[in-house]
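Q: I am new to this structure and would like to be taken slowly through a single part of it, with enough of the surroundings to know where I am.

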Amino acid sequence: MELVVDFQRTTQDGNLQSTSARFYIPTTTSDVENLDINNVLKQFLEKIDAFSGQNSGWTVSKVNYLRLCWGSYRPMEVGTFIPTPKHIASKKAVVNINSSDNYCFQYSVLAGMNVASMNLHHQRHKERAYIYKPFMHLLNMEGIQSPVPISSISKFESQNPDISVNVLYHDNDQIIPIRTSIYTDQRKHHVTLLMITDGHERFHYLSVQSMSRLVAGRVKSKSKHYVCHYCLHPFRKEDYLKQHTIMCRQHQSQQITYPTPGKDDVLKFTKINYQFPVPFVIYADFECFFGEE
Ligand SMILES: [Zn+2]
């Protein structure tokens with residue numbers, strides 16, 4: 001939001017001076033709240049007060065220009081079936097439950113809980129939705145819409161006290177932890193979901209059956225690894241993971257990648273298009289222009 005205000009003042013020798021000033025209020029994003037116009041007005045008034053205060057003598061003569069820009073907020077659409085990307089499928093670490101309804105979250109959570117007593121037939125067809133349908137009543141979905149957005153998972157956890165849910169996101173070739181539950185490994189059932197996209201703003205949850213296999217592409221050995229839920233670093237021994245997790249869980253979930261020597265190991269500022277144009281630049285420290293002599 002942008003506001004241009006004209007100011008006037010009378011100088012000591014009786015002349016009338018005028019100027020105009022431009023005020024901005026930063027962009028906000030909200031999917032629930034209405035625009036609080038009173039709060040916006042208050043912020044503008046504070047900025048005008050700051051400008052005209054301190055005995056400057058400026059008074060508002062008129063509001064010249066007010067610009068309000070807005071755009072509609074489109075939350076991610078989750079739930080449509082999307083096939084597993086080939087290089088993920090080859091790891092045999094996830095189950096992608098095939099259904100045309102909006103319950104991929106529920107099916108994937110139930111698959112992660114291993115609720116269905118799997119006979120040989122079921123084990124071969126873990127991706128069929130009918131295996132999980134008889135167990136849907138185990139999940140308390142009251143007040144939660146389907147498909148389930150990530151923002152509703154906290155509510156899901158609070159009304160399903162036996163279950164904790166983490167979400168990984170598959171982006172190009174990377175797997176990134178985007179939601180790590182505060183109840184991870186503290187509840188009877190811990191499930192990890194993998195969110196995949198079709199590249200057109202549609203998303204779909206899969207059930208992660210083995211973190212070790214899912215991130216195994218990053219380790220040389222084929223043996224089982226113990227994977228940190230917070231940074232996805234694989235450890236060869238469970239004890240190592242335990243020691244690491246004490247520190248790692250203090251931070252937001254994240255994925256650490258290392259630069260490739262000779263390729264991207266020197267940081268340079270390249271995003272010139274993200275710089276802000278400024279109408280004036282004032283250099284106050286002239287010493288910085290002098291050379292050593
Ligand atoms: Zn970690």
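To begin with the surroundings, how many helices and strands does the secondary structure of the protein chain come to? After that, please look closely at the open sheet that holds S1: in what order do its strands lie, and what lies across S1?

A: The model is a predicted one, and the secondary structure of its protein chain comes to 7 helices and 11 strands. The chain has 293 residues, of which 20% count as buried, and among its contacts with a separation of 6 or more, 54% are between residues 24 or more positions apart.

The sheet you ask about is an open one of 3 strands, in the order S2-S1-S3, and its pairing is antiparallel. S2 and S3 are at the edges with a single partner strand each, so one side of each has no neighbour in the sheet. From one strand to the next, the twist averages 20°. As general background, strands of a sheet pair through backbone hydrogen bonds, in either a parallel or an antiparallel way.

Taking the pairings in turn, S1 covers residues 2-10 and S2 covers residues 16-24, and these antiparallel strands are joined by 9 bridges. One pair to look for is Leu3, whose bridge partner in S2 is Phe23. The hairpin that S1 and S2 form has 5 residues between the strands, and there Gly14 takes a positive phi near 90°. On the other pairing, S1 runs antiparallel to S3, residues 59-67, and 7 bridges join the two. Here Val5 stands opposite Val63 of S3, while Asp6 stands opposite Lys62, also in S3. In a regular strand, side chains alternate between the two faces of the sheet.

The helix that belongs in this picture is H1, which lies across S1, S2 and S3 and runs at about 140° to S2. H1 spans residues 37-52, and its 16 residues reach 22 Å from the first C-alpha to the last, close to the 22 Å expected at 1.5 Å a residue. Although H1 lies across these strands, it is hardly covered, for the count of buried residues among its 16 is 0.

A contrast elsewhere in the chain is helix H3, residues 104-113, which is largely enclosed by the rest of the structure because 9 of its 10 residues are buried. Among the buried residues of H3 are Cys104, Phe105, Tyr107 and Leu110, and what covers the buried residues includes strands S5, S6, S8 and S9. Just after H3 comes Asn114, whose phi is positive, near 55°.

Two further residues with positive phi help to show how surroundings can be read in this model. Asp185, in the loop between S7 and S8, has a phi near 60° and is a residue other than glycine; Asp185 counts as exposed because it has 11 C-beta neighbours inside 10 Å. Leu232, in the loop between S10 and S11, has a phi near 65° and is likewise a residue other than glycine, but Leu232 is buried, with 20 other C-beta atoms within 10 Å. Finally, in the loop between H4 and H5 you will find Pro147, and the peptide bond that leads to Pro147 from Ser146 is cis, with omega near 0°.

Key. Residues are numbered from 1 along each chain as its sequence is written. This is a predicted model: local features need pLDDT of at least 70, side-chain atom pairs count only at pLDDT 80 or more; totals for chains, interfaces and linings use all residues. Helices (H or I, at least four residues) and strands (E, at least two) are DSSP runs, numbered from the N terminus. The expected span of a helix is 1.5 Å times one less than its number of residues. A residue is buried if 20 or more other C-beta atoms lie within 10 Å of its own, exposed if 12 or fewer, and partly exposed in between; C-beta atoms are placed from the backbone. Two strands pair if DSSP finds at least two bridges between them. Two residues are in contact if their C-beta atoms, placed from the backbone, lie within 7 Å. Axes are lines fitted to C-alpha atoms, for helices over the stretch in contact, and angles run from 0 to 180 degrees between N-to-C directions.
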